[in-house]
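User: Hi! I've got a model open and would like to talk through how its pieces pack. Shall we start with the helices?

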Amino acid sequence: MSNLFRLDGQSVLVTGALGGIGLATARALLEQGASVVLCDQAPVSDVLLAELGPNARSAVCDVTDRRAVEQLFRDFPNTDGLVLSAGILPFDDWMDEQWDASFDRVMAVNVRGSINLARVFFPAMCERRSGKIVFVGSVAGRMGGMQAGPHYAASKGAVHALVRWFAQRAAPNGVNVNGIAPGSIATEMLAGKPFDTSRVPMGRMGMADEVAWPIAFLCSSASNYMNGAVMDVNGGLIFS
Ligand SMILES: NC(=O)c1ccc[n+]([C@@H]2O[C@H](COP(=O)([O-])OP(=O)(O)OC[C@H]3O[C@@H](n4cnc5c(N)ncnc54)[C@H](O)[C@@H]3O)[C@@H](O)[C@H]2O)c1
């Protein structure tokens, strides 16, 4: 019996690939045999690319820039999997006058950015009747979050809704669209923020690779019968 977790011959594009979860995901996908396009708003260094090996390529793209995202699709039209990990979490005061601009930015990156990517790659996947899209949501989108502001919680709730929106259209076309809802993960996003471990049943933050491997699973044939699921990876938080 073949190992359905393997990704040999698959090409997966990861946004936010210079971030903690994105880079760990790229490494997991490479480990499983995929070729990976690491995409972020800043260039991936030659040193990192060399370390990742010959199956890693890079692309610079601001996910909020629709034209740039369309160019990304023209550069990598035969993408089998898409991991939408680019995201921001500003720590600011939602009572401030300036906060409205922060709200718009969070929505632009976390929600519209994800739509921009899915919009260009999804039709080609449907045409080929194969493809995997993984949206990165958050526990904040489920239960309001532990430290995040309302812009972030709302944006990730929207991401979870997008998983369902795309999945309904993906399933009849042989494409799988799922999401992942991480709890608090030790990456740059939460660096320096106080964290109350007593609020998590497992008593600790998650590590980036503990999210990366579940994402790699959702990129693989091992998840072929999943569509519209948002997988919780949160150290045991339970909520209805
Ligand atoms: N770290 C956590 O605790 C946690 C928890 C739940 C969900 N998430 C989500 O996981 C994803 C990855 O987060 P992370 O922890 O790796 O954060 P991170 O800050 O380490 O990485 C985020 C990456 O997104 C990139 N990015 C931001 N705006 C962009 C844009 N406009 N265009 C292209 N790239 C852009 C950044 O350059 C960065 O490399 C995010 O969507 C985040 O909301 C994180």
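User: How do the axes of α4 and α6 cross?

Analyst: The axes of α4 and α6 (residues 150–170) come within 8 Å and cross at roughly 15°. That makes α4 roughly parallel to α6, a label for angles under 35 degrees. Axes are lines fitted to C-alpha atoms, for helices over the stretch in contact, and angles run from 0 to 180 degrees between N-to-C directions. Helices here are DSSP runs of H or I with at least four residues, and strands are E runs of at least two.

User: Which residues of α4 and α6 make the contact?

Analyst: Among them are Phe103, Val106 and Phe122 of α4, and Tyr152, Leu162 and Phe166 of α6. Contact means C-beta atoms, placed from the backbone, within 7 Å.

User: Is this a predicted model, and what is the numbering?

Analyst: It is predicted: local features need pLDDT of at least 70, side-chain atom pairs count only at pLDDT 80 or more, and totals for chains, interfaces and linings use all residues. Residues are numbered from 1 along each chain as its sequence is written.

User: Switching to the sheet, what is the strand order?

Analyst: The open sheet has 7 strands in the order β3-β2-β1-β4-β5-β6-β7, with parallel pairing; strands pair if DSSP finds at least two bridges between them. β3 (56–60) and β7 (230–233) are at the edges with a single partner strand each, so one side of each has no neighbour in the sheet. The twist averages 20° from one strand to the next.

User: And which strands does α6 lie across?

Analyst: α6 lies across β5 (131–136), β6 (175–182) and β7, running at about 165° to β6.

Terms used: Parallel < 35°, antiparallel > 145°, perpendicular 65-115°, else oblique. Contact = placed C-beta atoms within 7 Å.
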